[in-house]
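Here's a quick tour for anyone meeting this structure for the first time. We'll look at a hole inside it, and then at some of what sits around it.

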Amino acid sequence: MAQLPVKDDERLTTVGLLFESASGLRRLFQTRLEAERSLSNQSFEVLIRLARSPGSELRMSELAAQASLTPSGLTRSVDRLQEQGLVARRVCPDDRRGAFAVLTTDGRALMDKAIPAHVAHVDEVLRGLYTADEEEMLSLLLRKLRDHLFAADAEWGLTAEDADICPGAE
C-alpha cells in the first residue's frame with residue numbers, strides 16, 4: 001500500500017482545525033467579555049481559574065500554566081487585577097518564594113455575575129452543535145491532549161525549579 005506524502009497527513013488538518021476553532025472561540029468570547037464586563041480574555045481566564053479553584057486561589061505557577069501565560073505575563077496580569085481590587089497575592093507560609101493568587105470579595109462578586117453570563121454565551125454558541133455524548137467525548141479528548149502536553153513539559157526542558165511551588169500546597 002502506498003504511503004501518503006507527508007503534506008497530506010490528516011493530523012496536519014486535525015491540528016489546524018483545533019487551532020482555528022480555538023481562535024474562533026477566543027474571538028467570539030472576547031468580544032462579549034469586553035462589551036458586557038470590560039474584561040480581556042486574559043483577565044477572564046485568570047479570574048475564572050481562581051473562581052473555580054478550591055478556596056478561590058492557586059499557586060502562581062499553576063495559574064500561569066492553566067491560563068497559558070508565561071510567569072512574567074501572569075505577574076503583569078495579576079498586577080493589573082490587583083490594582084482593580086479583584087485579586088490579591090498571598091505568600092506561601094512554607095516557602096516565602098512561593099505565592100498564591102487569591103480572588104478577592106470584589107473579584108468573587110464580579111465572577112458571580114460573569115460566569116452565568118459566560119455559560120449562557122457558551123450555550124448560545126454550541127447549542128445544537130453536539131449531542132451530549134459528543135460533548136462528553138470532546139471534553140475527554142481535549143483533557144487527554146492537555147494532560148499529555150503538560151506531562152511532556154519535563155521532556156521539553158521545564159522542571160519543578162521553574163515553578164513557583166509552595167511545598168505545603170502539594
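First, a bit of vocabulary: a lining residue is one that has an atom within 4 Å of a point of the cavity, and helices are DSSP runs of at least four residues, numbered from the N terminus. With that in hand, H1 gives the largest share of the lining of the largest cavity, at five residues. Keep in mind that this is a predicted model.

**The cavity**
- Searching the whole structure turns up one cavity of 30 Å³ or more.
- Its volume comes to about 70 Å³.
- Around the largest cavity you'll find Phe29, Arg32, Leu33, Glu36, Arg37, Ala114, Ala117, His118 and His121.
- Two elements each give two or more residues to that lining: helix H1 (10–37) and helix H5 (105–126).
- Sorted by character, the lining residues are four nonpolar, two polar and three charged.

**His118, one of the lining residues**
- His118 sits in helix H5.
- Is His118 buried or exposed? It counts as buried, because its relative accessible area is 16% and the cut-off for buried is under 20%.
- Setting aside its neighbours within four places in sequence, His118 touches Phe29, Phe44 and Ile48.

**Helix H2**
- Helix H2 covers residues 41–51 and is mostly covered, with eight of its eleven residues buried.
- The buried ones are Asn41, Ser43, Phe44, Val46, Leu47, Ile48, Leu50 and Ala51.
- Phe44 and Ile48, both buried in H2, are also contacts of His118.

Key
Residues numbered from 1 in each chain as written. Predicted model: local features only at pLDDT ≥ 70, side-chain atom pairs only at ≥ 80, totals over all residues. Heavy atoms only, no water. 1 Å grid on protein atoms, 1.4 Å probe; cavity = no way out; pocket = protein on both sides within 12 Å on 5 of 7 lines; lining within 4 Å. Points joined across faces, edges and corners; volume = space filled by probe spheres on them. Nonpolar A, V, L, I, M, F, W, Y, C, P; charged D, E, K, R; others polar. Buried < 20%, exposed > 50% of the residue type's maximum accessible area, 1.4 Å probe, protein only. Contact = heavy atoms within 4.5 Å.
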